[in-house]
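Student: I should like to learn how to read the features of a structural model, one at a time. Where should we begin?

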Amino acid sequence: TAHGGCGSEVRPTLIYFFTSGFSQVRQYVVQVIFSVTFAFSCTMFELIIFEILGVLNSSSRYFHWKMNLFIILLILVFMVPFYTGYFIVSNIRLLHKQRLLFSCLLWLTFMYFFWKLGDPFPILSPKHGILSIEQLISRVGVIGVTLMALLSGFGAVNCPYTYMSYFLRNVTEADILTLERRLLQTMDMIISKKKRMAVARRTIFQRGEVHEKPSGFWGMIRSVTVSVPGSENLTLIQQEVDALEELSRQLFLETADLYATKERIEYSKTFKGKYFNFLGYFFSIYCVWKIFMATINIIFDRVGKTDPVTRGIEITVNYLGIQFDVKFWSQHISFILVGIIIVTSIRGLLITLTKFFYAISSSKSSNVIVLLLAQIMGMYFVSSVLLIRMSMPLEYRTIITEVLGELQFNFYHRWFDVIFLVSALSSILFLYLAHKQAPEKHMTP
Amino acid sequence: MASLDRVKVLVLGDSGVGKSSLVHLLCQNQVLGNPSWTVGCSVDVRVHDYKEGTPEERTYYIELWDVGGSVGCASSVKSTRAVFYNSVNGIILVHDLTNKKSSQNLYRWSLEALNRDLVPTGVLVTNGDYDREQFADNQIPLLVIGTKLDQINETKRHEVLTRTAFLAEDFNAEEINLVIEKRYFLREGNQIPGLPDRKRFGGGTLKSLHYD
């Protein structure tokens, strides 16, 4: 879809938003916000592609960049946080009456912390005023770059871990059967306790109906001394049942895990499995190299000046002596490279967000979670535009530099390297501990 | 002797149709206040007096096994779920009247529970035609329950109820359509309107789960 088409169908929705008031159906609003954030983020990537391919007039591209950026910042800094606060407040019964007031308060708190975020970082040159687009972008960039680095660090370590079959624990049929037996035993225990509770409740109910009203003085004395032991026992049994139910859930998840591991072991013996295992070795080398480079960059305080495409072409021209049209090839190769980076990062982020959403959502909080995810996604995409600048040849970089203003781009790359390193190392530690702990629980030696 | 009194009934259906609320209503005579997603299987017990008032009166403990999840799960979860399907006396299939997909998924749920795989020899069977003969020799009684009747517009109710009547016929099952109301803010504090339905339900269909 052309950029114009995307923009014109979204603009009426935005107008509908601001005029429709807060009495609309909530789920619909949340869905629309998420889609709008996604649409405008993708438009930014489209503009990068247009930049490389030279589509549209240069000045019109600049105009669209500015407008898109302005709208996205509006969404990320005003709309999404405000609606998030509104839905959080709606969930709390006490504040239900004055939702608007409290959501405004929440939004102001968010803005305060958001502003304060800029202080410890050297992200702005001093010549900017207080109310400029650069102020907002720089802060959004910090948050987004942190997210990107965290996800990349974890992904860089997790990817070889999942692909390589070296790490697969050995699971036998007997292990699974043992766990299943334990699960069924736990269910039986829960049932027997619930039977006792049901019988006890029935006895109390029947006794309550048959019980005569105390008549006279002696009747009252008698009613005081006759105790109802059932209710205290019930609470005790209920606690035991809760603990057993928690245990049964854990056993269920562990059994499912064992089945999944067993399937993966069988899969790794097939051709496809072996192919992915091989890829896994490559990935692990690549990830180790990335971690190494991040460390080098930090220690030697070095930021790459040229992008990989131009450097690759230089190497081929200088060392291999192959002559070809640098401009032509650099345009196409950088288009492909940037395209791949964009697509994989969008896909990776959406998959991660979906998994996260299913893991933690419940019927009450799903609105808030979707809005938080929209916020994260928007910030992520804005910062990837920031960082992608490094992968593009000089002539395409200028527009990003112009549009985003005079940001300290080097700082962002350094910050990315630091967080990437921290995230990768902690993921290694985390996966090592998880891997160590699991086999001792229920494996046959 | 204790094993003779055991009646195991599976409660199956898609995520969010109201199985946990239904089981809670049946066993505790109350509406579930804070429903949350069921992980694995949750069991509850209902005490039932079979042939009450007659000389053959016996007390049965009906175990309602509420198995959570969806039909499109990872096969590891499906294999784990299969451990609950052993020695079942009856199956309750729950679907959401406002959600057509949940009704269609009931076929797959029943096939999964009756251990007749949709993928017998690795050949994918498309989700189109349904073979009634697969249920012809089924001895286990089935009950189809549709929930959230109150959330359907008055005008559309007839159409929805006709559709579900066909569904129940396909399974050769009894059918009940329910309203289980959940209120987050109990203003009046009086009894939840779902209870009158429960009385009707309690008298009527449990007889179909008992056989000698």
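Tutor: We begin with contacts: two residues are in contact when they have heavy atoms within 4.5 Å. The model before us is predicted. In chain A, among contacts with a separation of 6 or more, 80% are accounted for by residues 24 or more positions apart. In chain B, 70% of the contacts between residues at least 6 apart in sequence join residues at least 24 apart.

Student: How many helices and strands are there in chain A?

Tutor: Chain A has 14 helices and 0 strands, so its pattern along the sequence is written with α throughout, as α-α-α-α-α-α-α-α-α-α-α-α-α-α. Chain B has 5 helices and 6 strands, and from the N terminus its elements run β-α-β-β-α-β-α-β-α-β-α.

Student: What percentage of the residues of each chain count as buried?

Tutor: A residue is buried when its relative accessible area is under 20%. By that criterion, 41% of the 445 residues of chain A are buried, and 49% of the 212 residues of chain B are buried.

Student: How should one read the packing of two helices, for instance helix 3 and helix 4 of chain A?

Tutor: One takes the angle and the distance between the axes, then the residues that meet. Helix 3 (residues 58-91) and helix 4 (residues 99-116) of chain A pack at about 130 degrees, their axes 8 Å apart. An angle between 115 and 145 degrees is neither roughly perpendicular nor roughly antiparallel, and these two helices are therefore oblique to each other. The crossing of helix 3 and helix 4 of chain A is right-handed. On the helix 3 side of chain A, the residues in contact include Phe78(A), Pro81(A), Phe82(A) and Tyr86(A); on the helix 4 side of chain A, they include Leu100(A), Phe102(A), Trp107(A) and Phe110(A). By class, this contact of helix 3 with helix 4 of chain A comprises 14 nonpolar, 3 polar and 1 charged residues.

Student: At what angle do helix 3 and helix 13 of chain A cross?

Tutor: The axes of helix 3 and helix 13 (residues 394-404) of chain A cross at roughly 45 degrees and come within 10 Å. That angle makes helix 3 oblique to helix 13 of chain A. The crossing of helix 3 and helix 13 of chain A is right-handed. Tyr62(A), Trp65(A), Lys66(A) and Leu69(A) of helix 3 meet Ile399(A), Glu402(A), Val403(A) and Leu404(A) of helix 13. The contact of helix 3 with helix 13 of chain A has 6 nonpolar, no polar and 2 charged residues.

Student: Which residues touch the most other members of the largest nonpolar core?

Tutor: A nonpolar core joins buried nonpolar residues through their side-chain atoms. The largest has 75 residues, of which Met44(A), Trp65(A), Val140(A), Phe381(A), Leu404(A) and Tyr412(A) touch the most other members. Beyond its neighbours within four places in sequence, Phe381(A) is in contact with Phe38(A), Ser41(A), Met44(A), Phe45(A), Ile346(A) and Leu349(A). A second, separate core of 29 residues includes Leu183(A), Val43(B), Val45(B) and Trp65(B).

Student: Is Val83(B) buried or exposed?

Tutor: Val83(B) is buried, with a relative accessible area of 8%. Its place is the loop between helix 2 and strand 4 of chain B. Not counting residues up to four places away in sequence, Val83(B) touches Glu180(A), Leu183(A) and Leu184(A).

Student: Where is Ser87(B) found, and what is the value of its phi?

Tutor: Ser87(B) is found in the loop between helix 2 (75-81) and strand 4 (90-96) of chain B. Although Ser87(B) is not a glycine, its phi is positive, at about 45 degrees. Residues over 50% are classed as exposed; Ser87(B), at 64% relative accessibility, counts as exposed.

Student: With which residues is Asp301(A) in contact, leaving aside its neighbours within four places in sequence?

Tutor: Asp301(A) is in contact with Ile296(A) and Arg414(A) when those neighbours within four places are left aside. Asp301(A) and Arg414(A) are 113 residues apart along the chain, and their C-alpha atoms are separated by 8.2 Å. Asp301(A) lies in the loop between helix 9 (271-300) and helix 10 (308-319) of chain A, and at 58% relative accessibility it counts as exposed.

How values were computed: Residues numbered from 1 in each chain as written. Chains lettered and ligands numbered in written order. Heavy atoms only, no water. Axes fitted to C-alpha atoms, helices over the stretch in contact; angles between N-to-C directions. Helix = DSSP H or I, 4+ residues; strand = E, 2+ residues; numbered from the N terminus. Parallel < 35°, antiparallel > 145°, perpendicular 65-115°, else oblique. Left-handed = near helix turned anticlockwise from the far one by under 90°. Nonpolar A, V, L, I, M, F, W, Y, C, P; charged D, E, K, R; others polar. Core = buried A, V, L, I, M, F, W, Y, C linked by side-chain atoms within 4.5 Å. Buried < 20%, exposed > 50% of the residue type's maximum accessible area, 1.4 Å probe, protein only.
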